[in-house]
Amino acid sequence: MIASFGVEKNDVARWAGFTGAIFSVSQSLTAVAWGRASDKFGRKPVILTGLASTMVCFLLWGMSTSLPMAITVRAIMGGGNGNVGIIRTMVAEMVPERELQPKAFSLMPLVWSIGSVFGPAFGGFFARPAEQYPEFFGHIEYFKRYPFVLPNLMACCVFFISFMTGLLFLKETLHSKRHRRDWGLLLGEKLTRPFKRPEGHAKRRRLSFVDDEASAPLLADSAAPRSKQIALRTEPVTLKEIFTQQTSINLLAYTFLALHSVAYDQVLPVFLNYPCVVPDETNTHLPFQFTGGFGLSSDKIGTIYTVYGIACGVVQFLLFPTLCARFGVLTCYRVATLIFPLIYFTTPYTALIRSTTIRYAIFLAIMLVKGFVVIIGFPCTTILLTNSASSLRILGTLNGFATTFSGLGRAVGPAAVGAVFSWGAREGYAVAPWWLLGVIAMVGAVPAWFIVEGDGPARGLAEGQVEDEEEEESLLTGGENGRGWDDGAAALETVIGAPADPGEDGREGRKGGKKGYGTL
């Protein structure tokens, strides 16, 4: 697509890296704001806003006719979506148990792997449809004018399905908004009700008086503890709470991982598309001076990424939770950081292999190993970052900062590596961008050995639960100025129709009613 704008062949990598970088820069500038918005308004509305924004931007991206327009759309796309950090926050809020975190956090890379299957396939098979499939699209002027819009239209359909699924079925996880009426969920319940199996008549029974009395609230609605009241008493999150020593180390490790991993993924298609060069004495002086790529077309690159995505999905679903359960999250992450440099150092030398079969076999093996360590690395560092948080109340903002720092890494990495790739292609040093990535990965492996696995933010949730229980106990036993007992007595009087007076140890209350239920 970048080449179709009239960009020189040797400069495609540089502008492709810059286009990817502008997305990450915009995302990093707005990630904290999106995180704070999710802490204030709820996770669900912010996620739906991000999906709608990205859906519109995808259509505009496919209709881009110039490099400035494409860069502008990518910038808007990055700034209008902060869902990466918010989704991680929702997973952490839904699954606070450490033993279940590997399975829960492995779902996000699994979905990413599925996207890696269909995304490149759509891009490779349906780009330029009027040229690739003239019998179907050759007479449609729209696809001639916008040759890259068809795969983006398909992506828009996927985004629309995601938006409607979230609107109708996604439940809010923010504690202060969890019990708010959700019209989307109500609509989803009504739409799916005809498809649900009705409960059998034998399972239904008429509730007796005792059932009604046992299920009646002991406290009046006005006396029940409210999460909104607790949220109002919560002080604003401070930077000191967020940037502890361990969260800072985890953020640094996450930034380096995003930098070199995403940069590799951005420059790899350019390397695969770059023309083959037969090595000889004039252009090759090992181990550093040589040039050339694989010379593949976009549809073949899409096929390679499809195989890559399927393999990564299988590994993600079957191996990752087992490895983390056996060796631990921190150990798996440390091993992954040591493998990354080896992958980057060896990748460019696959272009020198003359046998086509051996070249593709070794290259696919390197890609699968890279996919495996990415599958290990990203969920592990997400779990470690989540467990370094002191409480759930800072998690949304913390993940916003994580998206900001990783966005900076994803901006600097592709831009720098793309520029180095263009320089290496001109000067005959194809090894330059890959060895740069290898050095960055080696530096990024250092913080992993200073990480200490935390207990997780569940203790913050536990404190909130204790506070709820203390408030409820206060209301039952008298609360402030003895009002709690009065409200409880009123509720009991409604149930049993008899006055309830506390008395000593509740004995006078038992005398006041004919039934003993007031002693509850």
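A salt bridge is a side-chain nitrogen of Lys or Arg within 4 Å of a carboxyl oxygen of Asp or Glu. In this predicted model, the side chains of D182 and K44 satisfy that definition, with N and O 2.8 Å apart. D182 lies in the loop between α10 (149–169) and α11 (183–192), while K44 belongs to helix α2, so the salt bridge ties together parts that are 138 residues apart in sequence. K44 has a relative accessibility of 4%, and because the limit for a buried residue is under 20%, K44 counts as buried.

The structure holds five salt bridges. Side chains of opposite charge can pair when their charged atoms come close. The side chains of R43 and D39 form one such bridge, at 2.6 Å from N to O. R43 also pairs with E93, where the closest N and O atoms are 2.6 Å apart. This second pair links distant parts of the chain, since E93 sits in helix α4 (residues 83–94) and R43 in helix α2 (residues 43–62), 50 residues apart. Both partners are buried: R43 has a relative accessible area of 1%, and E93 has a relative accessibility of 11%. Through shared partners, the salt bridges join D39, R43 and E93 into one network.

The chain as a whole has 24 helices and zero strands. It has 520 residues, of which 45% count as buried. Among contacts between residues at least 6 apart in sequence, 77% join residues at least 24 apart. The chain exposes about 26,800 Å², and carbon and sulfur atoms supply 65% of that area.

Helix packing comes next. Two packed helices are described by the angle between their axes and the distance between the axes. Helix α4, which carries E93, packs against helix α20 (residues 395–427): their axes come within 8 Å and cross at roughly 145°. The crossing of α4 and α20 is right-handed. On the α4 side the contacts are made by V84, G85, R88, T89 and A92, which meet L395, G396, N399, A402 and T403 in α20.

Helix α18 (residues 329–346) and helix α19 (residues 356–387) form another packed pair, with axes that come within 8 Å and cross at roughly 145°. The crossing of α18 and α19 is left-handed. The residues of α18 that take part include V329, Y333, A336, I339, F340 and I343, and those of α19 include I366, V369, V373, G377, C380 and T381.

Which residues does T381 touch, leaving aside its neighbours within four places in sequence? T381 is in contact with N250, Y254, L257 and Y333. Y333 is one of the α18 residues in the contact with α19, and T381 itself is found in α19. T381 is buried, with a relative accessible area of 1%.

Helix α15 spans residues 245–273, and Q266 has its place in this helix. Q266 is partly exposed, with a relative accessible area of 31%. Not counting residues up to four places away in sequence, Q266 touches A16, G20 and P414. The C-alpha atoms of Q266 and V417 are 8.9 Å apart in space, although the two residues are 151 apart in sequence.

The loop between α15 and α16 (298–318) contains F288. F288 is partly exposed, with a relative accessible area of 41%. Together with W423, Y429 and W435, F288 forms a nonpolar patch on the surface, and the four have about 390 Å² of accessible area together. Because membership of a patch requires over 30% relative accessible area, the value of 41% for F288 meets that requirement.

A last point concerns the backbone. Most residues other than glycine have a negative phi, and most peptide bonds are trans. R128 has a phi near 50°, a positive value in a residue other than glycine. R128 is found in the loop between α6 (107–126) and α7 (129–132). With a relative accessible area of 32%, R128 is partly exposed.

How values were computed: Residues numbered from 1 in each chain as written. Predicted model: local features only at pLDDT ≥ 70, side-chain atom pairs only at ≥ 80, totals over all residues. Heavy atoms only, no water. Patch = residues over 30% accessible without salt bridge, like charges linked within 9 Å, V, L, I, M, F, W, Y side chains within 5 Å. Areas by Shrake-Rupley, 256 points an atom, 1.4 Å probe, with all protein chains shown as cover. Helix = DSSP H or I, 4+ residues; strand = E, 2+ residues; numbered from the N terminus. Buried < 20%, exposed > 50% of the residue type's maximum accessible area, 1.4 Å probe, protein only. Axes fitted to C-alpha atoms, helices over the stretch in contact; angles between N-to-C directions. Left-handed = near helix turned anticlockwise from the far one by under 90°. Contact = heavy atoms within 4.5 Å.
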